[in-house]
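Hi,

Here is the structure I promised to pass on. Have a look at it first, and then read on for what turned up in it.

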Amino acid sequence: MANTRKASAQSAAFAKQPKAAITFERARLLCPDQGKAERIAENFGLFCPDYENIRDQHSLALLSMRDGFDGALNEKATALHFQRVVGALVSSAVGAGSFYSDKVSDARALATRTHEGGQETDAPVGFESKARRAAEFAAEMGLQAYALLAAAHGAIAAYKDITGEEWKPYRAPAETEQLEQRALKTQLDVL
């Protein structure tokens, strides 16, 4: 019984934690900027994505989508639809940036362990170490995050052209607090 209450209290506490907003600013903080992307590409022998081209192509794609509706949506429906489309691209960039940050941390931890005397006995002779593979994977993820940031940037620019307004992330109404209050009242009425 006590375990059930404890688990219930933990899940309620977890549910009350506010989710971090999915914003372009957050994506910018998580994803590499142009300078870092160029350094990653140079140091790991990878291709650096063309930020400007990706941004422009995604902007054009959204503008083409708008034209495809050919007046089928009114202004409000158009704004809502493209708010969601842009939100998905920004969310993708935030997710990729977060994944990249995690992989950088993993690579650094492996490198530190190896440097501090941890031996990698499972790597065959002539093959790269786990730390090296982790660093290369993090580099690839960083360049992917950079490309997805460019896509989100282009979508945000198109949103302004389509609606005349700056894109803002969707924020759900604060109905959850009201719902919790009603649920508490119902529970207390039972007592």
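Tyr51 and Tyr146 are both buried. Bear in mind for this and everything below that the model is predicted. The rings of Tyr51 and Tyr146 make a tilted aromatic pair, 5.2 Å from centre to centre and with 40° between the planes. Tyr51 belongs to helix H4 (residues 51–69) and Tyr146 to helix H6 (residues 130–163), so this pair ties together parts that are 95 residues apart in sequence.

Another aromatic pair is Phe69 with Phe82, this one edge-to-face: 6.3 Å centre to centre, with 90° between the planes. Here the link runs from helix H4, where Phe69 sits, to helix H5, home of Phe82, and the two are 13 residues apart. Are the two rings buried or exposed? Phe82 has a relative accessible area of 0%, so it is buried. Phe69 is at 30%, which falls between the 20% and 50% cut-offs, so Phe69 counts as partly exposed. The count of aromatic pairs comes to 3.

Now the core. The largest nonpolar one holds 36 residues, and Leu62, Val86 and Val90 have the most contacts inside it. Helices H2 (24–30), H3, H4, H5 and H6 each give two or more residues to this core, and H6 gives the most, with 16. For background, nonpolar side chains tend to be buried together in soluble globular proteins. If you want one residue to click on, try Val90: leaving out residues up to four places away in sequence, Val90 touches Ile22, Thr23, Phe24, Ala152, Ile156 and Trp167.

Helix H3 (residues 34–44) is a nice one to look down the axis of. Ala37, Ile40 and Ala41 are buried there. Those three cover an arc of only 95° around the axis, so they are on the same side of H3. Glu42 and Asn43, on the other side of H3, are exposed. What caps the N-terminal end of H3? That is Asp33, with a side-chain oxygen 3.3 Å from the backbone nitrogen of Gly35. Just after H3 comes Gly45, which has a positive phi of about 65°.

Ser92 is in helix H5 (residues 75–115). With a relative accessible area of 33%, Ser92 lies between the 20% and 50% cut-offs, which means that Ser92 is partly exposed. Ser92 and Ala27 are 65 residues apart in sequence, yet their C-alpha atoms are 8.8 Å apart in space.

On cysteines: how many disulfides are there? The count is 0. Cys31 has 5% relative accessibility, under the 20% cut-off, so Cys31 counts as buried. Cys48, with a relative accessible area of 22%, is partly exposed.

Finally, the overall picture. The protein has 7 helices and 0 strands, so to speak an α-α-α-α-α-α-α run from the N terminus on. Of its 191 residues, 26% count as buried. Among contacts with a separation of 6 or more, 81% are between residues 24 or more positions apart.

Over to you, and shout if anything is unclear.

Cheers

Methods: Residues are numbered from 1 along each chain as its sequence is written. This is a predicted model: local features need pLDDT of at least 70, side-chain atom pairs count only at pLDDT 80 or more; totals for chains, interfaces and linings use all residues. Side-chain values use heavy atoms; hydrogens and water are left out. Helices (H or I, at least four residues) and strands (E, at least two) are DSSP runs, numbered from the N terminus. Buried means under 20% relative accessible area, exposed over 50%, partly exposed in between (1.4 Å probe, protein chains only). The arc is that of the directions from the helix axis to the C-beta atoms. A polar contact is a pair of N or O atoms within 3.5 Å; within protein, one must be able to donate a hydrogen and the other to accept it, and residues adjacent in sequence count only if both atoms are side-chain atoms. Rings of Phe, Tyr and Trp (its six-membered ring) pair if their centres lie within 6.5 Å; planes under 30 degrees apart count as stacked, over 60 as edge-to-face and the rest as tilted. A nonpolar core is a set of buried Ala, Val, Leu, Ile, Met, Phe, Trp, Tyr and Cys residues joined through side-chain atoms within 4.5 Å. Contact means heavy atoms within 4.5 Å. A disulfide is a pair of cysteine sulfur atoms within 2.5 Å.
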